[in-house]
Amino acid sequence: MLASKQMRTLLRVQLRQRSTSYALSSSRCFSAMPEVAPADPRFGSGPCKKRPGYSIGEALKDSALGRSHRSKLGKDKLKLAIEESKRILKLPEGYELGIVPGSDTGAFEMAMWSVLGAKPIDAFHWESFGKGWVSDILAQLKLQDSATIHEAGYGEIPDLTKARKDADIVFTWNGTTSGVRVPNADWIADDRTGLTLCDATSAVFAMDMPWEKLDITTYSWQKVLG
């Protein structure tokens, strides 16, 4: 009992010391207001500037807040989002678009766990998100024997010409954290027998996507649509 009481006392002291340290460091970091502010403060998640003419009242006037996605209203909203996304993105005939939980991370994980393993893998990464996919391929899917990793540091890009047409290709179109993107999709073979898995969350709706080169593409709304 005495040891347990002493442990709780020690824990309270440690937590108090940590919170004091945090308060001091925070006061140093935020002691002055920024001298430069955005011309338009209406930013959404991503962060992306809101579209011209945006108003929250107009945007939410017929929203489905508080309703299940299984309700008729919820299903109608999802159907409209899918159909309009396919139209705006000009998806080719035969391409399907789905909305899944877990944002882009959840979507890309679903793709990797569903299709990788049957063929060799060429995985390209040059920033943190691409590195995360490589980590999953090696540590979670345990496909070390079939995966070839092509990597480059921040601000650089790997040699994309090493992509094999008989391998599944895993890559990020536009590196969210590094800002480095692939220049085009010419390095992806037209007569490939493997699949391309592209994390395009910072590219879709912002860049023209060569869909004929992309077999499985994932993205999230918050990065570009805000």
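Buried means a relative accessible area under 20%. The legends below apply this term to a predicted model.

**Figure 1. Confidence along the chain of the predicted model.** The mean pLDDT of the chain is 85, and 84% of the residues reach 70 or more. Among the elements of the chain, β4 has the highest mean pLDDT, at 98, whereas helix α1 (residues 2-29) has the lowest, at 45. The pLDDT is below 50 over residues 1-27, and this stretch has zero contacts in the model beyond near neighbours in sequence. Where pLDDT is low, the predicted coordinates should not be read in detail.

**Figure 2. The edge-to-face pair of Phe 171 and Trp 187.** A search of the whole structure finds five aromatic pairs. In the pair of Phe 171 and Trp 187, the ring centres are 5.0 Å apart and the planes stand at 75°, so the arrangement is edge-to-face. Phe 171 belongs to strand β3 (residues 168-172), while Trp 187 lies in the loop between β3 and β4 (196-199); the pair therefore ties together parts that are 16 residues apart in sequence. With a relative accessible area of 12%, Trp 187 is buried. Phe 171 also counts as buried, at 1% relative accessibility.

**Figure 3. The edge-to-face pair of Phe 205 and Tyr 219.** The ring centres of Phe 205 and Tyr 219 are 5.8 Å apart and their planes are at 80°, so this pair is edge-to-face. Distant parts of the chain are linked here: Phe 205 is in the loop between β4 and β5 (216-218), and Tyr 219, 14 residues apart from Phe 205, is in the loop between β5 and α6 (221-224). Phe 205 counts as partly exposed, at 24% relative accessibility, whereas Tyr 219 counts as buried, at 18%.

**Figure 4. A cluster of aromatic rings.** Phe 124, Phe 171, Trp 173 and Trp 187 are linked into a cluster by ring pairs. Two members of the cluster, Phe 171 and Trp 187, form the edge-to-face pair of Figure 2.

**Figure 5. The surroundings of Asp 122 in strand β1.** Strand β1 comprises residues 121-125 and includes Asp 122. This residue is buried, with a relative accessible area of 0%. The side chain of Asp 122 reaches the backbone nitrogen of Arg 164 at 2.8 Å. Leaving aside neighbours within four places in sequence, Asp 122 is in contact with Thr 148, His 150, Lys 162, Ala 163, Arg 164, Ala 167, Asp 168, Ile 169 and Val 170.

Key:
Residues numbered from 1 in each chain as written. Heavy atoms only, no water. Phe/Tyr/Trp six-rings, centres within 6.5 Å; stacked < 30°, edge-to-face > 60°. Helix = DSSP H or I, 4+ residues; strand = E, 2+ residues; numbered from the N terminus. Buried < 20%, exposed > 50% of the residue type's maximum accessible area, 1.4 Å probe, protein only. pLDDT = per-residue confidence, 0-100. Contact = heavy atoms within 4.5 Å. Polar contact = N/O pair within 3.5 Å; in protein donor to acceptor, adjacent residues only side chain to side chain.
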